[in-house]
Amino acid sequence: MAKYLKIEIPGTLLAAAVLLLMVVGIAGNAAATIVGETGTSFNLVARTGNIITSDGDSFLMWGYGLESGTSMQYPGPTLILQEGQTITVTLKNELPAAAGNVSIVFPGQIVTASGGAQGLLTREAVPGSANAVTYTFVAKEPGTYMYHSGTRPDLQVEMGLVGAIIIRPKLGAKYAYNHANTRFDREFLYLLTEMDPRIHRAIAFGQYNLVDTSNYFATNWFINGRNFPDVMQANYVATLPNQPYNCQPRMLPGETVLLRFIGGGRDPHPMHEHGNDFSVLAVDGRMLQSAPGKGADLAWMANTIRVLPGQTVDVTWTWTGAGIGWDIYGHLPGQQLAPGEDPADHAKPFPVVIPPRDELTFGQFYSGSPFLGGMGELPTGHPGFNAYGGFFYMWHSHTEKELTSNDIWPGGLVSFMIVEPPGTPIP
Amino acid sequence: MLKIKCLVAGFMAAALCLVLVGTSSAVVYNLRAEATTVTMPDGTVIPVWGYALDSAPGAGDGQIMVPGPLLTVPLDETDTTLTINLTNKLPRPTSIDIVGQVMTNNLGPVWTDGLSDSVISSGFRPPDNYTARMRSFAHETSPNGTQTYEWTNVRPGSYIYKSGTNPAMQVAMGLYGGLIGGSRYSKEVILFFSEIDPVINNAVANGNYGPGLPVSSLIDYHPKYFLINGKAYPALQPLIAGHANQNILLRFFNAGLETHVPTLLNMPHMSIVAEDGIRFRYPKRQVTIELVAGKTVDAVLQQPHAQGQFSLYDRRLNLTNAGSATPGGMLTALQIQEPLVLVPTYQLLLLD
């Protein structure tokens, strides 16, 4: 078989397959969690830097970085806060002088700003690392929020000055809000942005006069600052030094996951989940409740959520295999249920006679077995991205052109939820 | 005739003033549609079509505006009818259409033969004619003519009136305005969003718009100016909204062709109580408002926490005037005044 492959696959394709392997790594091992900065005091600096897109390009960005570091990041640090705490964020401006002032606004928070210079929407940090502006607010209401530049935001948000805020409720870290029906087992961040590369090229060449944000036309789309398949890489991977955050949802059957969507750019994105419907819990950090204390009793079900620019949406999703019509574990009659298994389909046979291997096309996420946790024989050259025999569900934008990175497919707003078999270690 | 009613709830300071236009007779407005120009903050002069409120049909004494004058129908016990006498000083036929309100004397729609401007039918598609095209939702007012449009059972809430004739072009030219059914609330703010693509407007004004002409349609509509209440920043001054301990009603309208996302900074959230003039069973609490084309949204700011200016902008970041590097577009501020000494105890009557 190996000899067959060597004969039939042109060298360039083989190289591309190897490159994809390097880019994706072993997806099934990437950490599935929200990472960021915790505390009550954050010292940020606006800096320039470059990011890498999945089509192999790179772009000049302006981004928020930690003052303790030396670079910017895209998106800015995810600030993970506790309800009720008083938060202080300082900002210094190390952007080139031509970029002008820079600032932060915190939609949904009541902010007091001091230092720096008065700008249009808030106080701004003037160029020069000695001059900081300080923003303070009380993290009053739990939920999902964002922050972004309030200085010429039509340019500066596009250049990368945007980040996520999570305020954890007093009820506990495994709750989205202060109500028992907002409990989750795992949570994932979907900060959605897009890019018009012409603007970044113009800025990179110092041709600020060529920037016309009224002609905005995005051709690149990002989840947490990365395109597919880079979103499936590990957090803080060294090959993406200014794009620290992944988006790799993983879970065990029967768990409830919380997805925190943030519209960080300027276009709406209809995000669609395969595998099951989800429940929309909250918008803009407010539970969908009929009255205080009711929890998210007005939550509604959908399989596509339109994420507006400037808006946040929290949804919960679960999966047990219910309704699939066959036993996903391949149990025989009399065998015990697996943890989280839906009993209705227990011991129901797989409805398809699996053809011989030579008559199959193997997707890169196929484990070689149709059963959860099953690991079958794979042909030589298969990348083996499915480390534990999980089920991969594509979660993506339903504006299908956004599944590209500058016209290269696949890219853009795609990731995969991996439902792993019971017992799989998920960091 | 202007009449002011005040309902007193508990304290004199809590008076809820309802400004009503007209008395026991049906509300009649004499609108005139006419071409004019608007000047953008960068000095660009753009031809537009707008509406004026005249004292009598054809009087010509009102000022042409974009958006057109705000119309109200108080909807008291004897008064649920709206009559608009439309005088047309445009070079093309035009009409009035209100999405969400049922016109009760509509003699349209108006059909052409699909090849020219020749009108071949009104009120129905000609039998067995599959090439006829509808030009107008309602009966038309010819150039220099006057026609009457009537709604006998006006519904409460916020609505948009606009041209019902070739609306793709005529609405883009500026023929739109706000209509409020029911009493106006004394502490309310009108936020009317729209856009201008000067290429379209200049083509229409110069006779270059239409089939076979340099600009054939709105297929290449790319707005360059983004307006609230007809103005782009910095021409738009902060809007007086009310006092810090009052409930303030924000009425959002979008007569543009694009989705906008009004966002209010330094406020916890707004309570969205109605869309398209239809009340929600429960308010939606959001920082952002999805204001799609042709939509109205009513939102309440519940007793703002402080006085001062609060920036309101389009989070789709249409914050430029034709690509200018200086701030522009859909950006304004709400001016919240000092708290009243006595806290009002009323609710928003029109929203109950």
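## A strand pair, a sheet and an interface

Let's start with one small pairing: A:His396 has A:Val414 as its bridge partner in strand E23 of chain A. Keep in mind that this is a predicted model. That pairing belongs to a longer run, since strand E22 (residues 391-397) and strand E23 (residues 414-419) of chain A lie antiparallel and are joined by six bridges.

Zoom out a little and you'll find an open sheet of five strands in chain A, ordered E14-E23-E22-E16-E20, with mixed pairing. At its edges sit strand E14 (250-251) and strand E20 (304-307) of chain A, each of which pairs on one side only.

Now for where the two chains meet. On chain A, 37 residues are in contact with 32 residues of chain B. Here are the counts of two kinds of link between the chains:

| Link between chain A and chain B | Count |
|---|---|
| Salt bridges | three salt bridges |
| Polar contacts (both residues at pLDDT 80 or more) | 19 residue pairs |

What does the side of chain A that touches chain B draw on? The elements giving two or more residues to this side are strand E10 (143-148), helix H3 (153-156) and strand E18 (286-287) of chain A. By type, the residues on this side of chain A split into 16 nonpolar, 13 polar and eight charged.

For a close-up of a salt bridge, look at B:Arg316 and A:Asp267: their side chains meet at 2.5 Å, N to O. As for area, chain A and chain B bury about 2,900 Å² between them, and 53% of that is on carbon and sulfur atoms.

Notes
Residues are numbered from 1 along each chain as its sequence is written. Chains are lettered from A and ligands numbered from 1 in the order in which they are written. This is a predicted model: local features need pLDDT of at least 70, side-chain atom pairs count only at pLDDT 80 or more; totals for chains, interfaces and linings use all residues. Side-chain values use heavy atoms; hydrogens and water are left out. Contact means heavy atoms within 4.5 Å. Buried area is the accessible area (1.4 Å probe) that two parts lose on being put together, summed over both. A salt bridge is a side-chain nitrogen of Lys or Arg within 4 Å of a carboxyl oxygen of Asp or Glu. A polar contact is a pair of N or O atoms within 3.5 Å; within protein, one must be able to donate a hydrogen and the other to accept it, and residues adjacent in sequence count only if both atoms are side-chain atoms. Helices (H or I, at least four residues) and strands (E, at least two) are DSSP runs, numbered from the N terminus. Ala, Val, Leu, Ile, Met, Phe, Trp, Tyr, Cys and Pro count as nonpolar, Asp, Glu, Lys and Arg as charged, and the others, Gly among them, as polar. Two strands pair if DSSP finds at least two bridges between them.
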